[in-house]
Amino acid sequence: MSSPADSRALTALDTRRVAPSDRPDYWSAGIAERFFPMRVDAVTAPSFDARLAVGAVGAISAGAIQGHSHRVLRTSRMIAAGDPESILLYLLVRGAVRLEQEDRSCVMAPGDIACHDTSRPSAFEGRSAFEVLVFSIPRWFIGIGAADIAARSATTATRAGMSLARIAAPFLAGVARTAAGGAGLPAHQAEAAAEMILPLLRTSFIAEPAAAHSSSSGLLGRMQRFALAHLHEPDLGPERLAAAHFVSTRYVHKLFAAGGSGVSEWIRARRLEGATADLRRSPTSPIADVAARWGYRHPASFSRAFRERYGCAPRELRAMPLSA
């Protein structure tokens with residue numbers, strides 16, 4: 001897991017690199033390896049053609065997808081196999097895209113913005129040749145209001161949100177293409193750019209966004225970013241967060257509870273997410289080494305926490321197909 005100040009270099013998928021018969025599997029495996037499990041459900045174009053360019057801006061992954069008409073699914077089983085617990089914000093550049101989630105659906109036209117919740121089953125369908133900018137925004141980074149935004153997934157933005165989106169579209173395009181181009185931004189600029197996306201997200205999908213701008217929400221975000229940068233340190237906990245931000249331990253607990261989880265629970269989840277990615281990327285790395293990299297002094301405690309969260313042992317995860 002990168003710290004919020006890091007910028008990742010270009011990561012790209014291009015189905016033209018493989019034979020037409022292999023393209024749906026290539027795309028599904030590539031997305032699963034880099035982001036989360038999904039699968040190509042249907043291809044309505046003569047052949048499956050899609051390209052992805054993506055990078056990181058602060059805590060947010062940003063990039064662009066281009067493709068011809070096809071449909072992809074994310075099922076409950078796939079969510080159980082891997083979930084970044086993020087909101088996907090889409091800005092459609094050209095073409096038409098249909099989003100589905102729970103009992104909601106919408107068809108996006110160029111200039112529209114909408115979102116998906118990675119923690120619930122969903123469908124994404126390109127209805128023609130399309131280009132869409134995608135921003136994967138962690139729930140912890142959004143803080144208070146993430147659940148309200150998720151409740152409006154697969155709907156286009158409010159009128160106020162659409163007005164703001166049209167004004168912000170050149171900025172969003174610049175952020176996505178800078179990230180996808182691999183050049184990145186200096187650390188402090190990347191973090192600022194990520195923060196600037198949050199008001200658009202909140203204005204678009206929260207009826208009364210003012211509460212999300214409270215000073216306590218901003219402090220929670222700073223604490224979470226500090227924690228991400230120190231996940232490898234075994235003594236990370238509410239006391240460290242309180243001392244680093246000049247508040248009481250009780251207040252740290254209060255802020256995290258308002259954000260939807262306990263302090264220790266949140267830290268454990270982020271560590272396990274990072275460890276899961278390491279297990280996938282480094283299949284020969286000893287599990288004890290992975291555990292140590294993510295703040296676990298004892299491999300047994302890591303294995304126990306991993307099984308409680310994912311229902312399997314770390315070595316069993318390595319044997320699972322990414323797009324099951």
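**Exercise 1. Strand β6 and its partners**

Task: In this predicted model, determine which way β6 and β9 run relative to each other, parallel or antiparallel, and over how many bridges they pair.

Solution:
- Step 1. Locate the strands. β9 covers residues 113-117, and β6 covers residues 86-94.
- Step 2. Read the pairing. β6 and β9 are antiparallel and share five bridges.
- Step 3. Pick a pair to check. Y90 has A114 of β9 as its bridge partner.
- Step 4. Add the pairing with β11, residues 130-138. β6 and β11 are also antiparallel, with eight bridges. Here S86 faces P138 of β11.
- Step 5. Test the burial of β6. Seven of its nine residues are buried, so the strand is mostly covered.

**Exercise 2. Order and edges of a five-stranded sheet**

Task: Give the strand order of the open sheet that contains β7. Then state which strands stand at its edges, and why one side of each has no neighbour.

Solution:
- Step 1. Write the order. The sheet reads β2-β5-β10-β7-β8, with antiparallel pairing.
- Step 2. Find the edges. β2 (39-43) and β8 each have a single partner strand, so one side of each lacks a neighbour in the sheet.
- Step 3. Add the twist. From one strand to the next it averages 15°.
- Step 4. Check β7 against β10. β10 spans residues 122-126, and five antiparallel bridges link it to β7. R98 is bridged to E125 in β10.
- Step 5. Check β7 against β8. β7 spans residues 97-101 and is joined to β8 by five bridges, again antiparallel. L99 lies opposite C106 of β8.

**Exercise 3. Two faces of β8**

Task: Sort the side chains of β8 (residues 104-108) by face, and say which face is buried.

Solution:
- Step 1. Recall the rule. Side chains of a regular strand alternate between the two faces of the sheet.
- Step 2. Apply the rule. R104, C106 and M108 share one face; S105 and V107 point to the other.
- Step 3. Assign burial. R104, C106 and M108 are buried, whereas S105 and V107 are not.

**Exercise 4. Two positive phi values**

Task: For E102 and A154, find the phi angle. Then decide whether E102 is buried or exposed, and do the same for A154.

Solution:
- Step 1. Set the expectation. Most residues other than glycine have a negative phi.
- Step 2. Take E102. Its phi is positive, about 50°, though E102 is not a glycine.
- Step 3. Place E102. It sits in the loop between β7 and β8, a hairpin with two residues between the strands.
- Step 4. Classify E102. Its relative accessibility is 53%, and the exposed class starts over 50%, so E102 is exposed.
- Step 5. Take A154. Its phi is about 60°, also positive for a residue that is not a glycine. A154 lies in the loop between α4 (146-150) and α5 (159-181).
- Step 6. Classify A154. Its relative accessible area is 0%, so A154 is buried.

**Exercise 5. Two helix crossings**

Task: What orientation do α10 and α12 have to each other, and what orientation do α8 and α9 have?

Solution:
- Step 1. Choose the descriptors. Two packed helices are described by the angle between their axes and the distance between the axes.
- Step 2. Take α10 and α12 (residues 299-310). Their axes cross at roughly 95° and come within 11 Å. Angles of 65 to 115 degrees count as roughly perpendicular, so that is the label for α10 and α12.
- Step 3. List the contact. α10 brings R268, A269, L272, E273, A275, T276 and L279; α12 brings F302, A305, F306, R309 and Y310. By class, that gives eight nonpolar, one polar and three charged residues.
- Step 4. Take α8 (residues 238-245) and α9 (residues 249-258). The angle is about 105° and the axes are 8 Å apart. This pair is therefore roughly perpendicular.
- Step 5. List that contact. P238, E239, L241 and A242 of α8 meet T249, V252, H253 and F256 of α9. The classes are five nonpolar, two polar and one charged.

**Exercise 6. F302 and the nonpolar cores**

Task: Which residues have the most contacts inside the largest nonpolar core, and what does F302 touch outside its sequence neighbourhood?

Solution:
- Step 1. Read the core. The largest has 65 residues, and L89, F135, I137 and F302 have the most contacts inside it.
- Step 2. Zoom in on F302. Setting aside neighbours within four places in sequence, F302 contacts L272, A275, L279, I287, A291, Y296 and P314.
- Step 3. Note the separate core. It has 26 residues, including Y26, I31, M38 and V72.

How values were computed
Residues numbered from 1 in each chain as written. Predicted model: local features only at pLDDT ≥ 70, side-chain atom pairs only at ≥ 80, totals over all residues. Heavy atoms only, no water. Core = buried A, V, L, I, M, F, W, Y, C linked by side-chain atoms within 4.5 Å. Buried < 20%, exposed > 50% of the residue type's maximum accessible area, 1.4 Å probe, protein only. Contact = heavy atoms within 4.5 Å. Axes fitted to C-alpha atoms, helices over the stretch in contact; angles between N-to-C directions. Helix = DSSP H or I, 4+ residues; strand = E, 2+ residues; numbered from the N terminus. Parallel < 35°, antiparallel > 145°, perpendicular 65-115°, else oblique. Nonpolar A, V, L, I, M, F, W, Y, C, P; charged D, E, K, R; others polar. Pairing = 2+ DSSP bridges.
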